[in-house]
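Q: Please take a close look at one part of this structure and describe it in connected prose. The structure comes first, then the question.

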Amino acid sequence: MNIDVVGLVWLVPGIPLAAAIVNGLFGRRWLHRATGVIASVALGLSAVLGVAIFFAVVAAGHVARTVTLYEWIGAGDFHVNVAALVDPLSATMVAVVTVVSFLIHVFSNGYMEHDPGIHRFFTWLPLFVFLMLTLVLADNYLLMFVGWEGVGLCSYLLIGFWFERPAPYTAANKAFWMNRIGDWGFTIGTILTFLTFGSLTFHDVFPKVAGVAQTQPLTITFIALAFFLGATGKSAQLPLYSWLPDAMEGPTPVSALIHAATMVTAGVYLVARSTPLFAVAGPALLVVAIIGAVTALFAATIALVQVDIKRVLAYSTVSQLGYMFLACGVGAPIAAVFHLATHAFFKALLFLGSGSVIHATEEQDMRRMGGLRRKMPITYWTFLLAGGALAAIPPLAGFWSKDEIVGAAFTNGQPILWAVGVGTGLLTAFYTTRMIYLTFHGEPRDHHLYDHAHESPAVMTVPLLLLCVGAVFAGLVLGFPPEAGFIHRFLEGTVTAEAAAQSELPNYVLIAGLAATAVVAGLIGIAIGYAMYARRRPDPAAVSRAVGPIYTLLWNKYFVDELYDHRILEGGRALFGAAWAFDAHIIDGIVDRLAWLVSLLGSGLRRVQTGIVGNYALSIAAGLLILIVVYGGYATGVLHR
Amino acid sequence: MIFDPPILPSVLTLLLVIPLVGIVPLLAFVRDARAAKQIAIVTTFVELVVSLIMLAQFRVGEAGFQMVESVPWLPSLGIRYEVGVDGISVLLVVLTTLLTFISVLYSSGGAIKQRVGEFMIAFLLLEVGMVGVFVALDLFLFYVMFELMLIPMYLIIGIWGGTRRVYATLKFVLFTLAGSLLMLVAIVAVYLNSGPAGSRTLSFPDLIAGPTRFAPEFQVWAFLAFALAFAIKLPMVPFHTWLPDAHVEAPTAGSIVLAGILLKAGGYGLLRFALPLFPIGAQVWLPIIIVLSVVAILYGAAVSTVQKDLKKLIAYSSVAHMGFVTLGLFVLNTQGGVGAVLQMLNHGVVTGALFLFVGIEYEKTHRRQIADLGGFANHWPLYTAFFGIFVLASLGLPGLNGFVGEFLVLLGTFRYGGQPISGLLWGPLAAIGVILAAIYLLWMFQRVMYGPVREAYKALPDLTPIEVACAAPLLALTILLGVFPQPVIAIIQPSVERMLALAGATVTVAVH
Amino acid sequence: MDVLGPILFAFLTLMIVGGGLGVVLAGRITTSALLMAFTFLNMAGMFVLLGSETIAAFQVLIYVGAITVLILYGVMFTPQTPRAYGLFFQKQTPWGALVAALAALPVIVVAFSFHDAASLPAPGGDLNALATAVFTSFAFPFEVASVLLLSAMVGAIVLVKREPASRPPAAPPDPERPV
Amino acid sequence: MTLVPLPAFIAVSATLFFIGVAGVLVRRNAVVILMSVELMLNATNLAFVAFSRRLAVAGERGSVFVVFVFVVAAAEVAVGLAIILAAYRNRPTVDVDQLDEMKG
């Protein structure tokens with residue numbers, strides 16, 4: 001009974017939308033906690049359908065089917081439909097998004113149990129999934145933009161979920177504004193694409209790209225850069241990254257779902273989807289690679305000194321996203337998507353693990369944790385495995401995907417970027433080890449906290465375990481053997497980067513060598529971490545004093561927040577204040593001056609009315625005189641015209 | 001197109017007559033507030049229903065004028081009572097009747113306490129003026145209606161307004177009057193130049209039927225006169241300072257109608273009269289207007305960010321949104337034109353709703369300074385939901401109606417290749433306006449809605465049934481126009497293309 | 001005999017212009033009133049010189065008879081405040097005189113550009129011509145004039161009718177006793 | 001009897017007229033102003049009759065106007081005096097310079 005699963009593709013986003021509407025309308029008065037169940041069930045159905053579609057597409061090979069609903073906008077020669085494009089790339093994304101979201105929804109039931117605003121939470125979370133799926137499934141840039149801004153909105157709503165306190169809603173505003181700056185780029189890219197190619201649907205645009213590249217190379221590069229600006233906004237790359245760490249103000253499941261697994265990867269998906277465009281965009285590809293690598297390194301350095309467990313994971317996400325853009329930049333989009341998939345699993349797991357810890361200890365500062373290993377065994381073991389995946393220890397998922405990226409960087413002629421990748425890998429391993437030791441190992445530093453710590457209920461730990469399976473086996477299942485694994489063959493058709501397609505058999509010796517160097521770097525990182533935090537031989541406090549200024553620089557996150565918040569915002573406000581002053585005083589001033597002038601004229605004339613009859617008679621006589629003079633002048637020809 | 005043989009003949013004259021008929025009983029019951037309210041509500045509701053029938057009678061896809069009624073009015077001067085609608089004006093008329101009905105409904109819910117009878121009379125008279133502006137095809141009739149709108153608005157702001165109402169309403173009237181007198185001069189000039197002594201006319205269809213009748217130099221000045229009058233009404237940047245004062249001092253109903261419809265008279269006038277009648281004039285003044293529009297978008301948004309008064313903030317945001325309208329109109333291509341008309345409709349719905357909600361909040365807390373407000377989300381969940389959606393529509397979130405208009409205008413702007421600099425500069429600049437919109441609107445939303453609960457507002461009730469009834473149609477429109485804009489675009493596009501073709505635009509579809 | 005006309009004319013001109021100046025410059029109002037009457041009389045003489053006796057008769061009848069008497073009434077009711085010579089001129093006198101003089105000059109100069117018609121009017125009085133004109137072509141304006149007179153009369157009465165109730169607070173000073 | 005030329009009459013009439021104008025502008029007493037106006041009216045009469053007679057206007061058309069001028073003059077004096085008396089009643093002065101309640 002092979003029902004045409006792909007035809008039902010609109011149900012995948014449809015069901016979460018329905019759940020969101022139901023929770024939204026009836027959540028406050030009647031459903032309360034039941035909204036969680038409704039949302040989770042809806043996501044479950046959507047996940048099942050998503051995975052079914054994934055396997056249907058796998059079975060059907062390189063299929064790319066467009067399921068159209070209706071024409072959205074049609075003005076003049078500009079036509080855009082609401083249509084879904086089901087092909088290997090979008091099917092993979094759908095599968096990842098729906099599965100991870102489902103697990104996070106289940107986890108949230110436990111996490112948000114005592115929160116009075118639970119109905120709001122379970123209205124916006126499924127709404128987010130609907131919009132993310134619209135983004136992923138869209139068959140043209142404009143519909144993708146609808147999902148793009150939509151997820152920006154949901155992240156705004158969910159970051160600012162606890163809106164009583166100022167910190168969350170300021171962070172929410174910051175997130176939305178930064179996304180909006182990125183979206184500005186996306187809009188320009190979309191419009192230019194339409195003006196250059198005459199259409200926005202991928203199937204019309206990509207075949208023409210090669211041709212247009214010859215005639216208008218500059219336009220293509222400009223379009224690619226515009227889209228990339230959109231991607232940096234959404235996926236928190238330099239310079240628009242500082243909203244992601246602040247986004248940790250939102251509830252942890254939100255951080256897990258939106259700010260780790262799905263939304264932030266939208267930028268990567270955009271670049272991956274537009275690979276044919278980026279491939280011929282010349283310098284644009286290099287820009288993507290460089291910004292990706294620099295962001296990875298930059299974020300990893302900051303993560304070294306963070307004390308808030310969620311901030312460490314946030315910077316780690318920014319760093320891993322940098323890796324994905326690096327992969328796209330060096331012409332290995334498949335590696336990027338592969339890392340995106342594995343990262344979704346283990347990063348979501350890390351966030352949920354930290355959520356479980358926060359839920360148990362009501363504390364996010366790692367300096368007051370310690371020794372929770374004994375109290376929360378399931379959380380500890382899942383957290384450890386996910387940490388290992390992040391640190392790219394074989395055979396865990398992170399190793400396969402991240403090292404493939406680093407390897408691709410080397411083989412595609414970017415040795416510097418390769419070095420940066422390996423270095424970042426070392427730092428990543430170090431801060432992961434530091435995080436695990438500070439939280440779970442050693443002596444509990446806060447006994448009151450330690451005594452209250454308890455393992456989270458089943459509804460939270462079961463998703464942890466399921467995600468752990470993904471974190472451990474995703475790498476093997478999808479990416480083994482390297483460069484020729486299942487995902488490579490699967491995505492070969494849709495995301496072929498012509499420039500970097502290797503025709504000959506991947507030479508395994510080089511791959512093994514590169515993998516070895518990456519693993520060694522990772523192990524060194526873990527060793528240093530273990531030495532500093534487990535053995536205390538070079539005591540972390542001593543080290544931090546020794547490096548002095550560098551430490552303070554990292555601690556203040558390179559003073560970027562100060563630059564953005566104070567310099568740019570205050571400067572902007574001062575400028576706009578001046579504009580308002582200009583408006584109120586100059587333009588309004590001119591108008592009021594005009595009115596004053598008229599009244600001045602009026603009062604001047606008033607004095608003429610002296611009330612003395614004589615003066616009036618005099619003015620009549622004067623008039624008579626003038627009349628006589630003028631008439632006389634004309635009559636006698638003196639004043640002829 | 002539901003009723004092919006129109007079931008209601010001369011429906012436009014009916015639309016103009018119903019409010020007048022409504023005024024008669026009001027005169028009798030002017031002292032009895034309750035009766036006055038009921039009469040006004042019934043009249044505006046009937047007006048709304050008749051306008052919906054008119055919409056149903058409208059043959060979609062036709063560019064020309066429909067339901068035209070033409071009767072000689074002042075034969076000696078060749079002035080006719082000529083009314084008709086095309087794709088552009090039919091929707092604006094429906095928007096007018098809807099917003100007036102909602103304003104009257106809301107005002108009867110207690111917002112207006114003293115002299116209710118006179119208020120309703122003023123409002124019905126205003127409705128005649130507004131509907132008249134959109135259906136008038138004779139320049140003289142258009143001018144009469146353009147002025148007729150002014151008087152009741154003057155009274156509404158002047159009598160039922162806030163503290164500085166006299167200053168505000170005087171400024172509003174003088175500003176608009178100055179502009180429209182210029183237009184009157186131009187109309188007379190048009191009349192005199194419209195043909196040899198015998199066949200002089202002011203009827204718009206005749207004027208555009210023949211070859212362009214006006215000499216180039218004449219067109220340049222006539223266009224300037226018309227454009228100035230509409231620029232003040234719109235308002236374009238240098239002439240906009242009357243809008244914030246008028247809005248701050250106007251009562252809620254006044255604000256809704258002022259922002260929702262009166263501003264559209266400017267944009268509509270530009271597209272209907274200024275562009276088609278004086279194409280050469282349009283080409284001459286085009287660059288300046290485009291520059292001013294982009295300035296309006298950025299300047300309006302910039303000034304909004306530092307506003308302390310809620311109504312002033314939304315007033316300045318209207319300046320920014322109307323900047324999009326003029327930009328869309330003057331890039332002279334189909335996307336720009338359709339986008340501009342859509343933006344007018346969407347802005348009418350969204351900003352009308354925003355003012356409605358500021359009014360609701362003001363009726364409850366009697367405070368409008370942003371600093372005094374805060375924490376409403378805690379105890380007004382329904383209000384927050386409604387207000388939030390309208391704020392999002394206003395900042396152009398895709399999926400809601402604000403985005404469609406703005407995106408098409410931006411697309412049109414990018415396509416504009418003329419002087420002084422091609423659209424590739426104006427487009428990104430205008431797009432920055434969308435970012436600024438998000439900044440000031442969300443900043444306002446955060447200051448007003450979020451934050452800790454304030455004791456003063458804790459006990460205030462959430463939306464009452466009347467308020468929900470007023471807001472519901474606007475909410476439905478906001479979402480519907482965002483998700484299904486196509487039926488509306490199908491109505492607008494042929495007529496816009498016809499007007500722009502007259503103005504010398506390169507229009508994709510052949511004009512029929 | 002042919003020199004009589006011009007001499008008579010010169011004499012009358014002198015009398016009229018002198019009388020006029022007298023009216024304007026006289027210190028006491030009664031003298032200026034009487035001088036006015038005297039000027040009107042000489043004007044009647046002028047009319048006779050011109051040959052239109054009826055107008056001269058009317059002139060004497062109306063101006064000297066009725067209007068001068070009315071003005072004397074007016075003079076009687078208003079205070080005779082003998083004041084210093086300078087005081088009874090308005091503040092704007094210099095301007096007034098100047099404008100009057102300046103206006104007079106060009107008109108008088110222009111006056112001399114008229115010259116007599118060729119034929120002289122038929123001798124004999126102008127009475128019947130005047131009468132026929134008034135009662136035929138100008139009948140209607142004549143009636144209107146009478147209505148005008150009537151309304152003027154009524155208006156004057158209404159203006160000066162004293163409301164019995166509202167006596168002005170300040171009792172008007174006794175006209176005989178100068179202030 | 002040689003006839004006095006027309007311009008002479010007109011000159012006299014003009015002189016008298018402008019003496020009247022001077023009177024109105026100069027004198028402070030309202031009654032004198034009234035008298036000056038009468039002088040002006042009389043001057044015009046002279047001009048009317050002079051033109052009518054000298055230029056042999058058919059049907060004494062000029063003189064007819066003089067009749068009407070008489071009517072107007074009479075009405076004017078009556079109303080003028082009434083106004084002066086009324087003004088005098090509520091302000092014990094006829095001095096034109098002091099009567100300035102109508103000041104703007």
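Which domains does the domain assignment of chain C give, and how do they and the other chains make contact?

A: This is a predicted model, in which local features need pLDDT of at least 70 and side-chain atom pairs count only at pLDDT 80 or more, while totals for chains, interfaces and linings use all residues. Residues are numbered from 1 along each chain as its sequence is written, chains are lettered from A and ligands numbered from 1 in the order in which they are written, and side-chain values use heavy atoms, with hydrogens and water left out.

For chain C, the assignment gives domain 1 (1–78) and domain 2 (125–159); such bounds come from an automatic or database domain assignment. The centres of the two domains of chain C, taken over C-alpha atoms, are 23 Å apart. Six residues of domain 1 and four residues of domain 2 take part in the contact (heavy atoms within 4.5 Å). Between them, the two domains of chain C bury about 320 Å², with 61% of it on carbon and sulfur atoms; buried area is the accessible area (1.4 Å probe) that two parts lose on being put together, summed over both. C:Glu53, C:Thr54 and C:Ile55 supply 77% of the area that domain 1 buries against domain 2, more than any other three residues. Across this interface of chain C there are zero salt bridges (a side-chain nitrogen of Lys or Arg within 4 Å of a carboxyl oxygen of Asp or Glu). The count of residue pairs in polar contact, both at pLDDT 80 or more, is also zero; a polar contact is a pair of N or O atoms within 3.5 Å, where within protein one must be able to donate a hydrogen and the other to accept it, and residues adjacent in sequence count only if both atoms are side-chain atoms.

Chain B and chain A also form an interface, with 60 residues from chain B and 44 residues from chain A in contact. The area buried between chain B and chain A is about 4600 Å², and carbon and sulfur atoms give 71% of it. One salt bridge crosses this interface, joining the side chains of B:Arg415 and A:Asp77 at 2.5 Å, N to O. The interface of chain B and chain A also has 16 residue pairs in polar contact, both at pLDDT 80 or more.

Over all chains, the whole structure has 17 salt bridges. One of them pairs the side chains of A:Asp365 and A:Arg367 at 2.8 Å, N to O.
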